[in-house]
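Please work through the exercises below with the sequence and the coordinates open beside you. Each one sets a task and is followed by a solution in steps.

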Amino acid sequence: MNTKEVLLGDVRVHLAIPCDAEKHQAVIVIGEEPTAATELIHVADLLSGLARVTLAFPLLAQQFDGAQLKHSIAEAIIFLNDRPDVRHGSIAVWSLGAGCGAIASTVPGIAAAIILHLDAGTGPTGDWHPAAPFDPHDVQCPVLLIFATSRLDADDVIQGIRSDLEGAGKMVEIQHYDAPASQTSVTMESFPARVIADRWDHVQAFLRRHLS
């Protein structure tokens, strides 16, 4: 794997490239607070080690500009499709944050979206797209939504999201991991290794099904 920093528009991003000369699937990695910035690069490098070209963006603030994010994702799609080591049109987004993931999934050219919703149960209920107006009909691709949560109302929230997407005719898969009720800071690293491994298995299977 080779890594370097590249300028995409006015944003500096982390690019990770498999070492072989084949054409690969590509994944754009994004995240929002309270995700750690180092986690985005770590995920990108892990995906690159699994033979995918990856771009990791800087961490977004919780109140980010949805229109600007869509513009950045569109620029990333053009950049990746122009690369000789990327299969044209075989681009997914991996989001460590539900708000930015929901917005990114509406950008034309995204073939699959993996959205990790981490929630310790201390914030507002039920809203997975707080950063900008959002219409499930605008989603461009199949979505894998991974919930890691200690919320007591998690089942209702998940069912609401599933109903919104399926009602708009979209394909959605959902994985739900329960955190202990006493856990106030939810990160995937705080879960047992078997949960983390299971999450990766579902992600890889999802990408194989939905990326060419």
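The exercises that follow concern a predicted model, and they take up a helix, a pair of strands, the salt bridges and two single residues.

**Exercise 1. Determine which residues of helix H2 are buried, and how they are arranged around the helix axis.**

Step 1. Begin with the helix itself: H2 spans residues 66-81, and its 16 residues reach 23 Å from the first C-alpha to the last, which is close to the 22 Å expected at 1.5 Å a residue.

Step 2. List the buried positions, which in H2 are Gly66, Leu69, Ser72, Ile73, Ala76, Ile77, Leu80 and Asn81. Because these residues cover an arc of only 165 degrees around the axis, they lie on the same side of H2.

Step 3. Turn to the face directed away from that buried side, where the exposed residues Ala67 and Ile78 are found.

Step 4. Look for what covers the buried residues of H2: the cover includes strands S1 (2-8), S2 (11-17), S3, S4 (52-56) and S5, together with helix H3 (98-104).

Step 5. Finish at the start of H2, where a side-chain oxygen of aspartate 65 comes to within 3.0 Å of the backbone nitrogen of alanine 67.

**Exercise 2. Establish in which sense strands S3 and S5 pair, and over how many bridges.**

Step 1. Strand S3, residues 24-31, pairs with S5 in the parallel sense, and the pairing runs over seven bridges.

Step 2. As a point of register, valine 27 stands opposite alanine 92 in S5.

Step 3. For the surroundings of S5, which comprises residues 86-96, note that eight of its eleven residues are buried, so that the strand is mostly covered.

**Exercise 3. Count the salt bridges, taking 4 Å as the limit between side-chain nitrogen and carboxyl oxygen, and describe each pair.**

Step 1. The count comes to three salt bridges.

Step 2. In one of them the side chains of arginine 83 and aspartate 85 meet, at 2.9 Å from N to O. Both partners are buried, arginine 83 with a relative accessible area of 18% and aspartate 85 with one of 12%.

Step 3. Another joins glutamate 166 to arginine 162, with 3.7 Å between the closest N and O atoms. Both residues belong to helix H4 (residues 154-167) and are four residues apart, about one turn of the helix. Glutamate 166 is partly exposed at 43% relative accessibility, and arginine 162 is likewise partly exposed, with a relative accessible area of 25%.

Step 4. Glutamate 173 and arginine 209 form a salt bridge as well, their closest N and O atoms being 2.6 Å apart. Since glutamate 173 lies in strand S8 (residues 172-178) and arginine 209 in helix H5 (residues 193-210), this pair ties together parts that are 36 residues apart in sequence. Glutamate 173 counts as partly exposed, at 24% relative accessibility.

**Exercise 4. Identify what threonine 54 and arginine 12 are in contact with, leaving aside neighbours within four places in sequence.**

Step 1. Threonine 54 is located in strand S4 and is buried, with a relative accessible area of 0%.

Step 2. Its contacts are His14, Leu15, Ala16, Val27, Ala44, Leu47 and Ser48. A polar atom of the threonine 54 side chain lies 2.9 Å from the backbone oxygen of alanine 44.

Step 3. Arginine 12 is located in strand S2, and its contacts are Glu5, Val6, Leu7 and Pro58. The C-alpha atoms of arginine 12 and proline 58 are separated by 7.5 Å, although the two residues are 46 residues apart along the chain.

Note on methods: Residues are numbered from 1 along each chain as its sequence is written. This is a predicted model: local features need pLDDT of at least 70, side-chain atom pairs count only at pLDDT 80 or more; totals for chains, interfaces and linings use all residues. Side-chain values use heavy atoms; hydrogens and water are left out. Buried means under 20% relative accessible area, exposed over 50%, partly exposed in between (1.4 Å probe, protein chains only). Helices (H or I, at least four residues) and strands (E, at least two) are DSSP runs, numbered from the N terminus. Two strands pair if DSSP finds at least two bridges between them. The expected span of a helix is 1.5 Å times one less than its number of residues. The arc is that of the directions from the helix axis to the C-beta atoms. Contact means heavy atoms within 4.5 Å. A polar contact is a pair of N or O atoms within 3.5 Å; within protein, one must be able to donate a hydrogen and the other to accept it, and residues adjacent in sequence count only if both atoms are side-chain atoms.
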